Amino acid sequence: MVLRFAVLAAWLALLSPAFAQQRLQVVTTTTDMRSLTEAVGRDLIMAVNLVPASMDAEDYQPKPQDVLRIKNAQMLVRVGLDYDLWVDRLLAQAGKPEISRGGPGYVDASFAIAVLELRGMSVGPGDGHAHGSGNPHYWLDPKNAEIITGTILEALARIDPANAASYQANRSAFLARLGAKLVEWEAKLAPLKGMPIVAYHNSWPYLARRFRLDFVGFIETKPGVPPSPAHLAGIVKTMRERGVRILVREPQEPERDVAFVASKTGAAIVKLAASVGALPRTDDYISLFDANIKALTSAAAKQ
Ligand SMILES: [Zn+2]
């Protein structure tokens with residue numbers, strides 16, 4: 001009985017607003033930024049993401065409750081690079097200079113990232129996608145998590161210096177785990193080196209560069225605009241010429257054109273998650289890569 005009461009008391013303490021307030025309140029635009037922030041903050045922070053995992057952050061329409069989430073936050077972590085431009089309007093609405101550009105609690109995680117496909121320099125296949133300031137999907141190179149968590153650590157230590165050592169230890173433990181995983185992932189993806197792949201949206205250049213994958217075309221030419229029959233015919237031609245056997249689709253992307261191209265080429269459709277939580281078993285940053293790499297390697301093994 002005493003034990004049961006103690007357990008109940010512990011639960012009540014966890015649920016009480018006083019307990020929640022002790023933790024540093026962080027708002028992130030995406031689930032990926034949330035997962036990486038949690039890797040550094042662990043139980044010292046309480047993080048929420050604004051864009052649900054099932055939605056495309058690049059054309060997200062903020063909800064009224066997002067303003068409230070921003071109002072309650074002591075720190076904001078965004079992807080930057082025009083990926084989550086809508087958050088600027090939310091910050092202005094909420095009137096929170098301390099977590100807006102220039103404030104101590106503002107984190108643009110693209111800081112110090114080597115950005116691929118900068119505007120005017122992109123000459124790769126499938127040009128035309130609306131990636132204004134370069135390709136923003138940089139978290140999909142697991143090596144970039146070192147830079148991202150470094151930027152997050154700096155901000156956490158700045159606004160909560162009493163716990164700086166804990167944040168540093170959390171990040172080191174995470175990077176050790178990630179480093180071991182990277183070796184495993186590189187070994188698993190080695191057979192896919194140079195294997196031509198076509199995807200719906202160009203979310204993958206960072207993943208491709210890290211693991212030497214070869215994305216040779218994209219079904220989408222502009223986000224939200226269906227590809228023209230001529231573009232689809234060109235993709236089918238490329239796939240036949242290059243012997244493309246893998247067609248990547250993210251769960252939130254339309255199925256029709258991918259299914260058409262697959263039917264014309266016999267390529268396998270492989271569902272990959274570009275963000276934490278977009279598919280089952282992608283609950284955190286490391287499992288996102290585990291799941292995607294498993295999907296890619298098992299599709300390649302069947303070819
Ligand atoms: Zn994109």
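Select E250 and Q252: their side chains make a polar contact at 3.0 Å (a pair of N or O atoms within 3.5 Å; within protein, one must be able to donate a hydrogen and the other to accept it, and residues adjacent in sequence count only if both atoms are side-chain atoms). The model is predicted, with local features needing pLDDT of at least 70 and side-chain atom pairs pLDDT 80 or more, while totals for chains, interfaces and linings use all residues. Residues are numbered from 1 along each chain as its sequence is written, and side-chain values use heavy atoms, leaving out hydrogens and water.

Add S203 next: its side chain makes a polar contact with the side chain of E250 at 2.6 Å.

Now show the backbone around E250, which sits in the loop between β7 (246-249) and α10 (256-265). Helices (H or I, at least four residues) and strands (E, at least two) are DSSP runs, numbered from the N terminus.

E250 is buried but has no salt bridge. Buried means under 20% relative accessible area (1.4 Å probe, protein chains only); a salt bridge is a side-chain nitrogen of Lys or Arg within 4 Å of a carboxyl oxygen of Asp or Glu. The nearest side chain of opposite charge, R249, is 9.4 Å away.

Expand to the residues touching E250 (heavy atoms within 4.5 Å): beyond four places in sequence, they include H201 and W204.

From H201, move to the zinc ion, coordinated by E58, H131, H137 and H201 at 2.0 to 2.6 Å (donors are N, O and S atoms within 2.8 Å of the metal, or 3.2 Å for Na, K and Ca; water is not among the atoms, so sites may look incomplete). H131 lies in the loop between β4 (106-108) and α6 (144-159) and H201 in the loop between β5 (196-199) and α8 (205-211), so the pair ties together parts 70 residues apart in sequence. H201 is buried, at 6% relative accessible area.

Methods
Buried means under 20% relative accessible area, exposed over 50%, partly exposed in between (1.4 Å probe, protein chains only). Lys and Arg count as positive and Asp and Glu as negative; His and the chain ends are not counted.
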